[in-house]
Amino acid sequence: MQNYPIFIDLQDQACLMVGGGPVALRKIRLMLSAGANITVIAPILCDDLLQEFGEYITHIKRAFEDGDIQGFRLITAATNSPSVNARVSKLAQQANIPVNVVDEPALCSFITPSIIDRSPVLIAISTGGGAPVLARSLRAKIEALIPANYGKLADAMKRYRGALKAAMPDERDRRLFWDKVVQGPIAELFLSGNSQQGDEQLANSINVGVDNRLGEVWLIGAGPGDPDLLTFRALRLMQQADVVLYDRLVSPAILELTRRDADRIYVGKRRAEHALPQGDINQRLVDLANEGKNVVRLKGGDPFIFGRGGEEIELLAESGVPFQIVPGITAASGCATYAGIPLTHRDHAQSCVFVTGHLKDGTVDLNWSMLANPNQTVVIYMGLLGLPHICQQLTKHGLPSSTPIALIEQGTTENQSVYTGVLCDMPTKIKEYSIKAPTLIIIGSVVSLHESLSWFNPNKEQKRH
């Protein structure tokens, strides 16, 4: 280990910054957040430093002098003069005052890491001062996994340490208790923003232990296919679940992000083929929660946009099972974006309508007059089989037969293909290809922008037809 990691208390401590430029600003911002009293020695301060922190620092308006290091807990040098920086370092180390010279590891007695701040939880990442860009990259990755409200959970655990110790004298019992809190529904209340309710449940559980009799159900939108489109909360809950119920629109790459030892149950549905009827899925969620398990119901797209999430939570609510809904990027947004088709555009469409091309009774009987509006974009989910009828009805109700239309196959994934045409020829055109679900249909003049904007898909080069 090259460096010994340590955290230093700067609350109300005198700290010196030599230099007043943009680099100094970044360091001052961090030290002030830790409660330091900062003196800056520099002939001038940059405008941003002056505007942001001018009233919170003491500015000595001149060049650094040897006697300036006395009386400080910590010193930082961030001037554009190598000789001044080296002099500050030498004097500080002779006086046994911790000193950091920005971007000069050899002149430092300490280095400042990249920080993930969830106070009082603090995570520091260091590369020994040799690769700060890599440290920032690692910080960004970890940031995605650490919810902002972890600090509130940590504060609550600190407040109740004494009460728990009095109720549970045995250290092992306390450790098991905290394990269950951190991995269970109490922690999730804090992380999801319900800190008051979480605090109440934590207080109530001190004397009786964590109630494991009832689990929780999390309805999670998995997005249209690309794992990078998952939300932070979705990923966190997926890695906590005991059981995962998933449908056929959930890609293998997303499923692999669930907890490795979780039970996985396929409940996918396609036309005339249901692995498990919807009513049975609803009841299975209730039964598993009643067994004390945390259950993820993983659904493609967004649970509340043609995902039948509303039906599932009705029974959960009636049964008294706690649940959360985690929105996902719906296929209309994700697939259209990856195909370079804006759903609205000032010159093409002032509104956007989402409809399903597969009704409950198997028909495609939509409000055609409403949909046949030339100044809007129509997005049709599950409309592949009914496409000829859809095109026919839209033209019959007044939409020009030359209206652009796109069919996006397996959108946002590495297998994405985009088929474009117009209403009058698309039904014939798609017969030339073997198209696999899921597919999304977009109708409107915004489709004409596909050729010029379809560079976006980050997974691979576009397949155009």
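Me: Taking contact as heavy atoms within 4.5 Å, which strands does helix α3 lie across?
Reply: This is a predicted model in which local features need pLDDT of at least 70 and side-chain atom pairs 80 or more, while totals for chains, interfaces and linings use all residues. Residues are numbered from 1 along each chain as its sequence is written, and side-chain values use heavy atoms, without hydrogens and water. Helix α3 (residues 82–94) runs at about 165° to β5 (0 to 180 degrees between N-to-C directions of axes fitted to C-alpha atoms), and the strands that α3 lies across are β1, β4 and β5.

Me: Which strands stand at the edges of the five-stranded open sheet?
Reply: The sheet pairs in parallel (at least two DSSP bridges per pair), in the order β3-β2-β1-β4-β5. Each edge strand has a single partner, so one side of each is left without a neighbour in the sheet; these strands are β3 (58–60) and β5 (99–101).

Me: What is the bridge partner of Thr76 in β5?
Reply: Strand β4 (residues 74–77) pairs with β5 in the parallel sense over three bridges. Within β5, the partner of Thr76 is Asn100.

Me: How wide an arc do the buried residues of α13 cover around its axis?
Reply: In helix α13 (residues 309–319; a DSSP run of H or I, at least four residues, whereas strands are E, at least two), Gly309, Glu312, Ile313 and Leu316 are buried (under 20% relative accessible area, 1.4 Å probe). They pack against β8 (217–221), α12 (278–290), β13 (295–299) and β14 (323–326). These residues are on the same side of α13, because their arc, taken from axis to C-beta directions, is only 90°.

Definitions and conventions:
Contact = heavy atoms within 4.5 Å. Buried < 20%, exposed > 50% of the residue type's maximum accessible area, 1.4 Å probe, protein only.
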